[in-house]
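The following exchange examines how terms such as buried, paired and in contact are assigned in a structural model. Each reply sets a computed value against its criterion.

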Amino acid sequence: MATRVIGYIRVSTEHQADGGISLEAQRTKLEAYATALELELVGIEVDAGASAKTLNRPGLQTALGRLDAGEADALLVPKLDRLTRSVKDLASLIEGYFEKRFSLLSVGDSIDTRSAAGRLILNVLTSVGQWEREATGERTKEALSYLKAQGVKLGGEALGWKRTAKSDDSGRLIVADVRKEVAAVKRILKLRGKGKTLRSIAETMTLEGYQTKRGGQWHASTVGNVVRRAA
């Protein structure tokens, strides 16, 4: 008896057609694959103009619902990235659907979880994706720790400064002062030196027409940030 499969295809934009991933190209690929492997393609669900950032897509949810309803034994996709680009979401789908209940077939990735080899490939891809995400996080933490040890202040651009496109010998972006903002910083520090409270300084800065980094209104917390950075 032929395996019954539900096809699922997706494009991120309504008119996406580059790289052979148009809806029509994906549909043709699924139909040819089903014919070659003697699968019973009971239908193809579509998400046109849907991002892979979430699993909450009408076409995908319909496909999964049809699996739950017993209309098919497996989900067939042109490639895993049509299903999801998230390692976390893929792991969720495997646990909820493809670990024991249904099979997953991906044409472009040569995955067919009806076999032990297919399940192994899927598990390896998931594990590698998880490893890459964790390794990236570790490298980011190490880089931030190194910069802190070098005395580099991290975070957004401080009032009075902006990053340029130029880099120093260590590869760090060179910052340059912004005259109007530098004047605001000097005014704040002068008022603070006179014993003014953060709130009164904020009121003065607003009355005198000085702008914050984002052009918003001055608040005690905003002034406090400037004072702390200058310390």
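Q: In which sense do β1 and strand β3 (residues 74–77) pair, and over how many bridges?
A: In this predicted model, β1 and strand β3 pair in the parallel sense over three bridges. Two strands count as paired if there are at least two bridges between them, so the three bridges of β1 and β3 satisfy the criterion. Within β3, L75 is the bridge partner of I6.

Q: What makes β1 and strand β2 (residues 40–48) a pair?
A: Eight bridges join β1 and β2 in the parallel sense, and the criterion asks for at least two. I9 has V46 as its bridge partner in β2.

Q: Why is strand β1 (residues 4–11) described as largely enclosed by the rest of the structure?
A: Seven of its eight residues are buried, so β1 is largely enclosed.

Q: Why is T113 called buried?
A: The relative accessibility of T113 is 5%, and buried means under 20%; T113 therefore counts as buried. T113 lies in the loop between β5 (111–112) and α5 (116–149).

Q: What makes the approach of the T113 side chain to the backbone nitrogen of L104 a polar contact?
A: The side chain of T113 reaches that nitrogen at 2.7 Å, and the cut-off is within 3.5 Å.

Q: How is it known whether L93 is buried or exposed?
A: L93, in helix α4 (residues 87–98), has 3% relative accessibility. The limit for buried is under 20%, so L93 counts as buried. Among the residues it touches are L55, L64 and F98.

Key:
Residues are numbered from 1 along each chain as its sequence is written. This is a predicted model: local features need pLDDT of at least 70, side-chain atom pairs count only at pLDDT 80 or more; totals for chains, interfaces and linings use all residues. Side-chain values use heavy atoms; hydrogens and water are left out. Buried means under 20% relative accessible area, exposed over 50%, partly exposed in between (1.4 Å probe, protein chains only). Helices (H or I, at least four residues) and strands (E, at least two) are DSSP runs, numbered from the N terminus. A polar contact is a pair of N or O atoms within 3.5 Å; within protein, one must be able to donate a hydrogen and the other to accept it, and residues adjacent in sequence count only if both atoms are side-chain atoms. Contact means heavy atoms within 4.5 Å. Lists of a residue's contacts leave out its neighbours within four places in sequence.
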